[in-house]
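Look at the chain below and follow it from one end to the other. The report after it begins with confidence, then turns to overall form and to strand pairing.

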Amino acid sequence: MRATLIYGAGDVRIEDVPDPSLREPTDAIVRVVRSCICGSDLWPYAPREATQQGDRIGHEFLGVVEEAGRDVSGLKAGDLVVAPFVWADNTCDFCREGLQTSCRHGGDGTHTVLECVGLKPAIETAFAVVRNGGTVSRVGAPQYRDVPADFGVFFRNITLTGGVAPARAYIEELLPDVLAGRVEPGKVFDRTVGLDQVPDGYRAMADRSALKVLIQP
Ligand SMILES: [Zn+2]
């Protein structure tokens, strides 16, 4: 068969390559009838280092199933198929949620992460522990300018949201529970100081020996 290979920057060739064969019982061989050049195919087009052997390139196509392995279900020879640009089994929990780009390869994470600190290691940790397709919400005043936004993060479909807490808006909803003792916001205080000890309170929070300092003048 013929295929597209890239040998280096600006050096794309059509060449004869070995015909494909079924290797796994879940494989299918698809004859490409329409394809296109993806914008991401151009990423290596300018910077690619020259190689002797060339590498296959291209990943978007329509095709007809020529042959299907014995464990392939839902497809048979002669079917016209559309190939998205990532592999997905369409059965795992990510696929069932419509996030086939994160088809399970191990690893998980949590759906929602609150970043309440505002320092760069905290936002990096938040992105590290959030599940693909999940949300990072930040309420810590950011002491950093950049958030993780590289290709790896883009590919995970993470939502970054949050901002300064509009605390006033929650008073009517939350204050009755606080006054009734059903919610204890004061649990966060782990140190109490008088007015003269306020400088000590700053030092304690700065060196992390106190989480939050209550001042009782
Ligand atoms: Zn899947």
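Confidence in the protein is lowest in helix 3 (residues 151-155), with a mean of 91. Strand 10 (residues 191-193) has the highest value, at 96. These are pLDDT values, and the model is a predicted one. For the protein, the mean pLDDT is 92. A pLDDT of 70 or more is reached by 100% of its residues.

**Overall form**

What does the secondary structure of the protein come to? It comes to 5 helices and 11 strands. The protein is divided into three domains, numbered 1 to 3.

| Domain | Residues |
|---|---|
| Domain 1 | 2-85 |
| Domain 2 | 110-162 |
| Domain 3 | 167-215 |

How far apart do the C-alpha centres of domain 1 and domain 3 lie? They lie 60 Å apart. The C-alpha trace of the protein spans about 85 × 40 × 30 Å along its principal axes. The radius of gyration of the protein is 27 Å, whereas a compact globule of 217 residues would have one near 17 Å. Of the 217 residues, 7% count as buried. Now take the contacts between residues at least 6 apart in sequence: 47% of them join residues at least 24 apart.

**Strands at the start of the chain**

Strand 1 (residues 2-8) pairs with strand 2 (residues 11-16). The sense is antiparallel, and the pairing covers 6 bridges. In this pairing, Ile6 stands opposite Val12 of strand 2. The two strands form a hairpin, with 2 residues between them. Gly10 sits in the turn and has a positive phi of about 70°.

Strand 1 has a further link, to strand 4 (residues 55-56). Here 2 bridges join the strands, which run antiparallel. Leu5 has Arg56 in strand 4 as its bridge partner.

**A parallel sheet**

Strands 7, 8 and 9 make an open sheet of 3 strands, in the order 7-8-9. The pairing in this sheet is parallel. Which strands are at the edge? They are strand 7 (110-115) and strand 9 (159-162), and each pairs on one side only. Neighbouring strands of the sheet are turned by 20° against each other on average, direction ignored.

Strand 8 (residues 130-138) is joined to strand 9 by 4 bridges, and these two strands run parallel. Ser137 has Thr161 in strand 9 as its bridge partner.

Conventions. Residues are numbered from 1 along each chain as its sequence is written. This is a predicted model: local features need pLDDT of at least 70, side-chain atom pairs count only at pLDDT 80 or more; totals for chains, interfaces and linings use all residues. Two strands pair if DSSP finds at least two bridges between them. Axes are lines fitted to C-alpha atoms, for helices over the stretch in contact, and angles run from 0 to 180 degrees between N-to-C directions. pLDDT is the predictor's confidence in each residue, from 0 to 100. Domain bounds come from an automatic or database domain assignment. The radius of gyration is taken over C-alpha atoms; the globule rule is 2.2 Å times the number of residues to the power 0.38. A residue is buried if 20 or more other C-beta atoms lie within 10 Å of its own, exposed if 12 or fewer, and partly exposed in between; C-beta atoms are placed from the backbone. Two residues are in contact if their C-beta atoms, placed from the backbone, lie within 7 Å.
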